[in-house]
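Here are some exercises to help you find your way around a new structure. Try each task on your own, then compare your steps with the solution.

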Amino acid sequence: MNIAVIGLGLIGGSIAKTIKKHMSQHTVLGCDINPQVVMKARLLEAIDAELTPERLSICDMVLIATWPQTAIDYVTENAGLIRKGATVIDLCGVKRAVCGPLFQVAAENGFLFVGGHPMAGIEYSGFDHASANLFQNASMILTPPQGATIQTLAELKHFFRELGFGKVVMTTPEEHDRVIGYTSQLAHVVSSAYVKSPEAMEHHGFSAGSFRDMTRVARLSPRMWTELFMFNREPLLGELDALIAHLNEYREALANADADRMHQLLQEGTERKEIVDRKGDEP
């Protein structure tokens with residue numbers, strides 16, 4: 001089939017490279033705000049041709065790897081050019097803000113819109129860091145509209161498994177944003193705050209895996225993550241409030257030199273981690 005990839009950064013570029021490497025029966029048409037990126041993608045054979053508005057009508061699938069507002073604007077403005085019966089999937093990090101308007105736009109224009117979020121990434125962005133192996137064994141989250149057929153969902157699951165994803169999770173936009181506020185967005189806030197300590201400048205020779213793990217995602221795109229946080233304010237605020245409350249418990253135990261309370265808090269954390277790990281091992 002003909003597959004359009006809108007945005008050839010880390011995620012879109014990796015999608016294109018993966019399709020061309022492992023699913024070469026498909027034709028990939030790509031576009032990006034930077035013409036040089038499109039040229040490089042063509043030279044490296046990550047795409048077969050540039051996606052133009054005229055070529056949008058021949059695409060069976062449209063994958064939108066942009067920031068949320070850009071995805072909303074692109075689909076809304078080009079809805080009349082998208083082929084009837086085509087499947088459009090965004091790859092943004094929030095789902096309610098994107099799926100809310102685009103489910104309706106798709107229904108009005110005769111194509112299917114499905115929210116998507118590949119749970120894969122590195123601390124670097126851009127096409128130069130895109131890889132055909134980025135999605136290997138990662139999870140792909142899909143938030144289909146009500147009324148999507150079992151056959152369509154099975155075909156989408158098969159497509160993403162062929163891309164290398166180890167698991168395809170079906171959920172609602174609301175559930176996605178609630179969970180992602182904890183598993184992804186809170187981690188980025190904590191990492192950004194943690195690395196601001198003056199001691200971070202003195203860590204050389206005193207740090208190992210813990211420091212690397214805590215600071216890795218502090219290297220981010222401030223503009224993009226600001227947009228993601230603002231679109232998901234309520235779930236993220238709830239997670240921040242809960243984290244601050246827990247941190248205050250540890251601080252109070254330390255301030256009061258209460259070793260028993262500190263031991264209890266750490267024991268609770270250890271036990272919770274074991275439960276989380278066991279749950280993660282479940283099929």
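The exercises below go from the sheet to a helix residue, then to salt bridges and the surface.

This is a predicted model, in which local features need pLDDT of at least 70, side-chain atom pairs count only at pLDDT 80 or more, and totals for chains, interfaces and linings use all residues. Residues are numbered from 1 along each chain as its sequence is written, and side-chain values use heavy atoms, with hydrogens and water left out.

**Exercise 1. Trace the order of the strands in the sheet, and find which strands stand at its edges.**

Step 1: Find the strands, which are DSSP runs of E with at least two residues, just as helices are runs of H or I with at least four, both numbered from the N terminus.
Step 2: Follow the open sheet of 8 strands in the order β3-β2-β1-β4-β5-β6-β7-β8, where the pairing is mixed.
Step 3: Look at the ends: β3 and β8 (167–170) each have a single partner strand, so one side of each has no neighbour in the sheet.
Step 4: Zoom in on β4 (residues 61–64) and β5 (residues 87–90), which run parallel and are joined by 4 bridges; two strands pair if DSSP finds at least two bridges between them.
Step 5: Opposite Asp90 in β5 you will find Ile64.

**Exercise 2. Describe the surroundings of Thr18: is Thr18 buried or exposed?**

Step 1: Locate Thr18 in helix α1, which covers residues 10–22.
Step 2: Check the accessibility: Thr18 counts as buried because its relative accessibility is 0%. (Buried means under 20% relative accessible area, exposed over 50%, and partly exposed in between, with a 1.4 Å probe and protein chains only.)
Step 3: List the contacts, meaning heavy atoms within 4.5 Å. Leaving aside residues up to four places away in sequence, Thr18 touches Met23, Ser131, Ala132, Phe135 and Leu163.
Step 4: Look at the side chain: one of its polar atoms lies 2.6 Å from the backbone oxygen of Ser14.

**Exercise 3. How many salt bridges does the structure hold, and where do Glu175 and Arg178 lie?**

Step 1: Recall that side chains of opposite charge can pair when their charged atoms come close. Here a salt bridge is a side-chain nitrogen of Lys or Arg within 4 Å of a carboxyl oxygen of Asp or Glu.
Step 2: The count is 9 salt bridges.
Step 3: Begin with Lys95 and Asp90, whose side chains meet at 3.0 Å, N to O; both residues are buried.
Step 4: Move to Glu175 and Arg178, bridged with their closest N and O atoms 2.7 Å apart. Both lie in helix α6 (residues 173–194), 3 residues apart, about one turn of the helix. Glu175 is partly exposed at 34%, and Arg178 is partly exposed at 47%.
Step 5: Continue to Asp277 and Lys273, another salt bridge, at 3.0 Å between the closest N and O atoms. These two are 4 residues apart in helix α10 (residues 259–280), so about one helical turn separates them.
Step 6: Finish with Arg96, Asp177 and Glu234, joined into one network by salt bridges that share partners.

**Exercise 4. Is Leu44 buried or exposed?**

Step 1: Find Leu44 in the loop between α2 (35–43) and β3 (49–50).
Step 2: Read the relative accessibility: at 54%, Leu44 counts as exposed.

Definitions and conventions
A polar contact is a pair of N or O atoms within 3.5 Å; within protein, one must be able to donate a hydrogen and the other to accept it, and residues adjacent in sequence count only if both atoms are side-chain atoms.
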